[in-house]
Amino acid sequence: MKKNFLKKAFPLFLIALMVFSTFGIVISQIGNTGESKSVNYQGHDFQFDGQQWFSFKGKERIDFLFGPYELEPLLESVDPLLNGVRTHTKTYVSLDPEEEFSQESQFLRSLLIFLTGKQVIAACQKEGEGCVDLPLKNCGNAISNEVFVISLVQDTENKATLESSCFTLSGDSAYFIRIGEGLKLRYVLDG
């Protein structure tokens, strides 16, 4: 039972931390060592305060768990994801109800709504517990320029693929969190 609790609590903790940082909430830091580092990445200043990275978009502070150079390889994956949300009428983040990605799904939905200003709807890939009130959407429901489906799939290999109007994120919880961090980096870099 303790293992199951920790398995659920850790992703919730990481998601809460990233959601708060996305909206520019600054949490007081206890025990700051005074260690700081600054890098310029594509014309934007990123600073490491000894615990986390941060940058600004206008006056809004955006916090990161990873530095910009660590997130750079993810930009290739997040660009088609953002483009798909922006160019389609409806977007669904769909997951298999048997996999434990509901927190990651909610985090990605919230982040995409914040970044694009568009509605992103929670969905399930098939019927199951927790899917009673959610629409069933999978890649077969994707329609070019109308319905964009983001499918979250648990896998041992981390990868992102786009086929027509279906974007599949395969991997583990940590990979989905890094994709979210990559989305925030793209947000800062896009003027």
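Here are three short exercises on this predicted model, each with a worked solution. Residues are numbered from 1 along each chain as its sequence is written. Local features need pLDDT of at least 70, side-chain atom pairs count only at pLDDT 80 or more, and totals for chains, interfaces and linings use all residues, while side-chain values use heavy atoms, without hydrogens and water.

**Exercise 1.** Work out whether the length of helix 5 agrees or disagrees with its expected span.

*Solution.* Helices (H or I, at least four residues) and strands (E, at least two) are DSSP runs, numbered from the N terminus. Helix 5 covers residues 173–189, which is 17 residues. The expected span is 1.5 Å times one less than the number of residues, so helix 5 should span 24 Å. Its end C-alpha atoms are 25 Å apart, which agrees.

**Exercise 2.** Find which strands stand at the edges of the four-stranded sheet.

*Solution.* Start with the order: 4 strands form an open, antiparallel sheet, 1-2-3-4. Two strands pair if DSSP finds at least two bridges between them. Strand 1 (37–41) and strand 4 (60–64) each have a single partner, so these are the edges. As an example of pairing, 5 bridges join strand 3 (residues 53–57) to strand 4, and Phe54 has Asp63 as its bridge partner there.

**Exercise 3.** Decide whether helix 5 is largely enclosed or largely open.

*Solution.* Buried means under 20% relative accessible area, exposed over 50%, partly exposed in between (1.4 Å probe, protein chains only). In helix 5, 14 of the 17 residues are buried, so the helix is largely enclosed by the rest of the structure.
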